[in-house]
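Colleague: I would like to learn how to read a model of this kind, one feature at a time. Could we begin with helices that pack against each other and then move on to strands?

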Amino acid sequence: MRSNTYTIAFTMAVTTVLAFFLSLASSALSERQELNIKIDIKKNILKSLEFSETKEEAWTLEIVQNIFDSYITSIVVDKDGNLITGKTADQISDFEKEFPIYVKKINDKVDGYSIPISGKGLWSTLYGYFSIEPDMMTAKGITFYKHKETPGLGGEVEKLWFQSNFRGKKFINPSGELIGIQSIKGIVDETSVEAYHQVDGISGATMTTKGLNNFLLKDLKKYESYFNRIRKQGDA
Amino acid sequence: MGFLNKKSKAALNDPLMNNNPITLQVLGICSALAVTVKLDTAVVMTVAVIAVLSISNTVIALLRNLIPSKVRIIVQLSVIASLVGLTDQVLQAYMYEMSKQMTVFVSLIVTNCIVMGRAEAFAMQNGPWRSFLDGLGNALGYGMILIGVAFFRELLGFGSIYGFQVIPDTFYTAGYENMGLMVLSPGAFIILGLIVWAHRIAAKIEED
């Protein structure tokens, strides 16, 4: 039997050595990990705006950065719909008051807007991007980059079949009010008058899609006054 | 000690066939179910477990005469947890997409019974070289089953092998459908059960 002093000294030595190695690895790798996270978010913004990875050209960190820099700019608006000039998405300090919009431009012509969306599903908070056509009322795409919903059920939100349903749907009703996009139970009846703001639901994922309906509307509300302003400018 | 004398060879080979940790000892099932939907995650998991298990066994074997028996389990666990933490960090830095797909299951290697089991049952009584081989053998035995399960799940569930589609499109147009069950956990149970059965017959193991 070893003495207590030995036991305590031994455990302390072991923990110190192990902690040293772990923190060494953590600080050596943290820069690369943070870069990965940033690029992953950019990748999602790009995907929501109809860029896609091809088999010939896999998206490396550099390629994602390049595409992003060539097509995407960011602007910041406040809840009253004012554009905060000169500010970019990276400079936002208070996400409750200032909201980023990523703008896709091809040859200086706006091709779409992408906004961050997030909210509770069944088990977890989902994070993603929702993109909009230049008319400011038609959905262009939706992506999710982080969630912990059940694979095969709520996890289907990250699948192409679900996401591609959103394209072309309108989140503004004919009288010009924000209505959001609802994922319903079952398949959308395309002949229905409500079909313009409905997408096919995911069977077995009622709670996840309910959550999505709610937080998509909530996030769109934040931007509504700005979007509305742009819509009116378009009419004029 | 020779490079691979009889005992060392047994330490490496036994867990592959006669004493496979998954099919015969039924350890490490949790992760075997979780990361076997597709081959690529199963392969990464295998590599991670090989790294953790062979290094943890070696380290524990080196320390075995110094570790006070009162605190041996917690010391083993700290070594294992640190190695897993390290693996997780490396994956996040160099294989970000993969680490996202594998989520918590990398960290859960800590609780993989195989890893602690080998530290306590083997590395505490044997030298570092043989413990290293034992760790390697067990990790390979584990990985072999993992990759086997993933092979069938991906083939039947997605019609692909390692991401390459192998079921031709003409099959799908003729009415063939991927088996959705294979993508969900029950699919893993069924495949694993069949593999355990086949393995026990092949290894001529009978229980009363």
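Modeller: In this predicted model, the residues of α1(A) that meet α4(B) include T11(A), V14(A), T15(A), L18(A), F21(A), L22(A), A25(A), S26(A) and L29(A), while among their counterparts in α4(B) are V75(B), S78(B), V79(B), S82(B), L86(B) and Q89(B). By class, this contact of α1(A) with α4(B) has eleven nonpolar, ten polar and one charged residues.

Colleague: What spacing should I look for when I read such a list of residues along a helix?

Modeller: An α-helix has 3.6 residues a turn, so residues three or four places apart point the same way. With that in mind, you can follow T11(A), V14(A), T15(A), L18(A), F21(A), L22(A) and A25(A) along α1(A), each of them listed in the contact with α4(B).

Colleague: How is the packing of α1(A) and α4(B) described, and at what angle do their axes cross?

Modeller: Two packed helices are described by the angle between their axes and the distance between the axes. Here helix α1 (residues 4–48) of chain A and helix α4 (residues 72–94) of chain B have axes that come within 8 Å and cross at roughly 10°. An angle under 35 degrees counts as roughly parallel, and α1(A) and α4(B) are therefore roughly parallel to each other.

Colleague: How many residues does each chain bring to the contact as a whole?

Modeller: Chain A contributes 18 residues and chain B contributes 17 residues. On the side of chain A that touches chain B, the classes are eight nonpolar, seven polar and three charged residues.

Colleague: How does one compare the reach of a helix with the expected value, for example in α7(B)?

Modeller: The idea is to set the span from the first C-alpha to the last beside the value expected at 1.5 Å a residue. Helix α7 (residues 128–158) of chain B, with 31 residues, reaches 42 Å, which is close to the expected 45 Å. After α7(B) comes G159(B), and the phi of this glycine is positive, near 70°.

Colleague: Turning to strands, in what order do they lie in the sheet of chain A?

Modeller: A sheet is read strand by strand across its width, and in chain A five strands form an open sheet in the order β1-β2-β3-β4-β5, with antiparallel pairing. At the edges stand β1 (72–78) and β5 of chain A, each with a single partner strand, so one side of each is left without a neighbour in the sheet. From one strand to the next the twist averages 30°. α1(A) packs on this sheet, where it touches β1, β2, β3, β4 and β5 of chain A, and its direction makes about 155° with that of β5(A).

Colleague: Which residues stand opposite each other where β2(A) and β3(A) pair?

Modeller: Strand β2 (residues 98–106) of chain A pairs with β3(A) in the antiparallel sense over five bridges. Y102(A) has S114(A) in β3(A) as its bridge partner, and K105(A) stands opposite V110(A). These strands form a hairpin with two residues between them, and N107(A) in the turn has a positive phi of about 50°.

Colleague: How many bridges join β3(A) to β4(A)?

Modeller: Eight bridges join strand β3 (residues 109–120) of chain A to β4(A), and the two run antiparallel. Y113(A) stands opposite I132(A) in β4(A), as I115(A) does opposite F130(A), and the hairpin of β3(A) and β4(A) has four residues between the strands.

Colleague: Is strand β4(A) mostly covered or mostly open, and what lies beyond it?

Modeller: Burial is judged by counting neighbours, with 20 or more other C-beta atoms within 10 Å making a residue buried. In strand β4 (residues 125–132) of chain A, six of the eight residues are buried, so the strand is mostly covered. Next, β4(A) pairs with strand β5 (residues 139–146) of chain A in the antiparallel sense over six bridges, and Y129(A) stands opposite T143(A) in β5(A). Six residues lie between the strands of this hairpin, where M136(A) takes a positive phi near 65°.

Key: Residues numbered from 1 in each chain as written. Chains lettered and ligands numbered in written order. Predicted model: local features only at pLDDT ≥ 70, side-chain atom pairs only at ≥ 80, totals over all residues. Contact = placed C-beta atoms within 7 Å. Nonpolar A, V, L, I, M, F, W, Y, C, P; charged D, E, K, R; others polar. Expected span 1.5 Å × (residues − 1). Buried ≥ 20, exposed ≤ 12 C-beta atoms within 10 Å, placed from the backbone. Pairing = 2+ DSSP bridges. Axes fitted to C-alpha atoms, helices over the stretch in contact; angles between N-to-C directions. Parallel < 35°, antiparallel > 145°, perpendicular 65-115°, else oblique.
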